[in-house]
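Here's a quick walk through one protein chain, written for someone who'd rather look at side chains than at statistics. Have the viewer open and follow along.

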Amino acid sequence: MGTSGVLLIIGLVAAGIGAVLLFIGRRIQAKTNLLAKVPTVDASEVASLIPGEMIEVKGVIRCDTPLTAELAQRACVYYSSRVVREYEYRRRNAKGETVRSRRSETVAHNEQSTPFYVEDSSGRVLVDPEGAEVDAQKLVDRFERNPGALGPTISLGGISLNLGGDDGTIGYRYQEHVLPVDIPVYVLGVVQEGGTIGRPPAALKGRRFIISYRAEEALRESWGKKARWLGISAVALFALAVILFVVAVGMLVA
């Protein structure tokens, strides 16, 4: 394959990546726009609304029977725990040289949630978090180096794991995202039968179910910034692809 062919392939790859970034950016921007359109209601008003209506409520998380986060050991209504093994990968390149790179794999993951109330000055409303896009606080993010073949044992999701490793294991990263009780919360969801808030039916397009520890304004700013950067990156990749195509075609006709 000549230089022009290589340039064409690189251009196609750049254009493909740009298209993916543009698609993701538009989805994020759509979420950002939705937050601005959906009305905020008091918790006490939800029971009087029509089922299927999309609303947002803001208040404090309350729960009489909370969960306990496995790593952070905090009372919560949602947690996502993960143990990631980081290891050294060795391979031989075309010259027969040994090349080393650092890789990772998830060896354990557990996600749990329980219904909770959002309480504001008007009262409280029940939220069922099943199926929600949860933006939770990262309370645990630590790395422990490989302790050797006979490492410690950890229980996650009711499964006991021995975290020893072979010579390739560098160590283990422990991560946990949590929605603790008694913290401010933002919920965007759909009114359910019975006056609760939950996920939209699959038939209702354009509806979202979002639960976040961050305020609405912070979410919109964060998502808007991410969407803009993805758009800029996509345009840059498209421009690169065009330049490579032009150069490749010029080489072919020269």
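Is D135 buried or exposed, going by its relative accessibility? D135 counts as buried, because its relative accessibility is 16%, and the cut-off for buried is under 20%. Keep in mind that this is a predicted model.

First, the overall picture. The protein chain has two helices and 14 strands. Of its 254 residues, 38% are buried. The chain exposes about 14300 Å², with carbon and sulfur atoms supplying 54% of that area. Among contacts with a separation of 6 or more, 71% are between residues 24 or more positions apart.

Now back to D135 and the salt bridges. The count comes to 14 salt bridges, and three of the pairs, including the one with D135, are listed here.

| Acidic residue | Basic residue | N to O distance |
|---|---|---|
| E86 | R173 | 3.1 Å |
| D135 | R214 | 2.8 Å |
| D141 | R173 | 3.3 Å |

Take D135 and R214, which meet in a salt bridge. D135 is in strand 7 (residues 133-135) and R214 is in the loop between strand 14 (210-212) and helix 2 (216-253), so the pair ties together parts 79 residues apart in sequence. R214 itself is partly exposed, with a relative accessible area of 23%.

R173 shows up twice in the table, with E86 and with D141. The side chains of E86 and R173 meet at 3.1 Å. E86 lies in strand 3 (residues 75-92) and R173 in strand 11 (residues 169-180), so this bridge links parts that are 87 residues apart in sequence. E86 counts as buried at 11% relative accessibility, while R173 is partly exposed at 24%.

The other partner, D141, meets R173 at 3.3 Å. D141 sits in strand 8 (residues 137-145), so its pairing with R173 in strand 11 ties together parts 32 residues apart in sequence. D141 is partly exposed, at 40%. Elsewhere, R62, E119, R124 and D182 are linked in a network of salt bridges.

What about rings? The count of aromatic pairs is zero. Still, the charged end of K31 sits over the ring of W223, 4.0 Å from its centre, and R142 lies over the face of Y174, 4.5 Å from the ring centre.

Last stop, the surface of helix 1. I9, V13 and I17 form a nonpolar patch there with about 240 Å² of accessible area together. V13 is in helix 1 (residues 3-37) and is partly exposed at 47%. I17 also lies in helix 1, and is partly exposed at 42%. The C-alpha atoms of I17 and L237 are separated by 7.4 Å, although the two residues are 220 residues apart along the chain.

Notes. Residues numbered from 1 in each chain as written. Predicted model: local features only at pLDDT ≥ 70, side-chain atom pairs only at ≥ 80, totals over all residues. Heavy atoms only, no water. Patch = residues over 30% accessible without salt bridge, like charges linked within 9 Å, V, L, I, M, F, W, Y side chains within 5 Å. Areas by Shrake-Rupley, 256 points an atom, 1.4 Å probe, with all protein chains shown as cover. Salt bridge = Lys/Arg side-chain N within 4 Å of Asp/Glu carboxyl O. Helix = DSSP H or I, 4+ residues; strand = E, 2+ residues; numbered from the N terminus. Buried < 20%, exposed > 50% of the residue type's maximum accessible area, 1.4 Å probe, protein only. Phe/Tyr/Trp six-rings, centres within 6.5 Å; stacked < 30°, edge-to-face > 60°. Lys NZ or Arg CZ within 6 Å of the ring centre and 35° of its normal. Contact = heavy atoms within 4.5 Å.
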